[in-house]
Amino acid sequence: MMDDLFVSLRPRTVLADGAAWLPGFALPDAEVLHQAIANVSAAAPFRHFRTRMGPMSAAMTSCGACGWTADPAGYRYSRTDPMTDQPWPDMPDALRHLAARAAAEAGYEAFDPVSCLINRYAPGAGMGLHQDRDEGYPEAPVVSVSLGVPARFSFGGSGRSDPKQIIDLLDGDVVVWGGASRFAWHGVSPIRETFHPQTGAMRYNLTFRAINAALFRP
Ligand code: MD3
Ligand code: FE
């Protein structure tokens, strides 16, 4: 009831050309999402990838036909989890459908994600300004689902120093990033220490992606 009230106070917004913010869109699926995160991370544990910049403060795992990995040599999508050498856990159908429904609401029909990257942020964790351009599928959007404690999110344009908008992503918020916004620079400020009944102090973000199969490597 309270959730419905707040959702109605945060209307759907076109943030930029191709980018749609759907506040609370994932709330009806929250239980399914939390169960999926528990199941995926039991098989493919959250880990902090080490990049040239040092260890990432967000812990990550993936599900689907490929998952995102990073090491000091660079970033890529792999068919297997380098931690276990096993294929990534399957993407649950309920999550695939949630992402496709959100994409359709934003005008992207027939979105068929092959990978879901799951980020977990503890208090103080964040993500520096970056672009997502390892997918080789520029015509497909990225669908982002936020769960748990809020995050202050900044995004700009396709140039690193383009002016930024700042929005607070709350539990259940979905953002669809496609078209002219697909290569927007974006980042997450360090998470404040607050509490959410389902996640404690944590924030989770799931990003659903279509990826060119020619780019995944074993
Ligand atoms: C804009 N995740 O995993 S979601 C990421 O909150 C990532 O964990 C953030 O950036 C997070 O790469 C932000 C919002 C998001 C995701 C992908 C995008 C915004 C995007 C791709 C293109 C443009
Ligand atoms: Fe990103």
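## Burial and the iron site

Buried here means under 20% relative accessible area, exposed means over 50%, and partly exposed is in between (1.4 Å probe, protein chains only). By that yardstick Asp132 is buried at a relative accessible area of 11%, while His130, at 21% relative accessibility, counts as partly exposed.

Both residues belong to the iron site: the protein donors of the iron ion (ligand 2) are His130 (NE2), Asp132 (OD) and His186 (NE2), sitting 2.0 to 2.2 Å from the metal. Donors are N, O and S atoms within 2.8 Å of the metal (3.2 Å for Na, K and Ca), and with water not among the atoms, sites may look incomplete. Along the sequence, the donor residues follow the spacing H-x1-D-x53-H.

## About the model

This is a predicted model, where local features need pLDDT of at least 70, side-chain atom pairs count only at pLDDT 80 or more, and totals for chains, interfaces and linings use all residues. Residues are numbered from 1 along each chain as its sequence is written, chains are lettered from A and ligands numbered from 1 in the order in which they are written, and side-chain values use heavy atoms, with hydrogens and water left out.

## His196

His196 is buried too, with a relative accessible area of 11%. Leaving aside neighbours within four places in sequence, His196 is in contact (heavy atoms within 4.5 Å) with Gly148, Val149 and Asp171.

## Helix α2

The buried residues of α2 include Leu33, Ile37 and Val40. On the other side of α2, Glu31 and Ala42 are exposed.

Definitions and conventions:
Helices (H or I, at least four residues) and strands (E, at least two) are DSSP runs, numbered from the N terminus.
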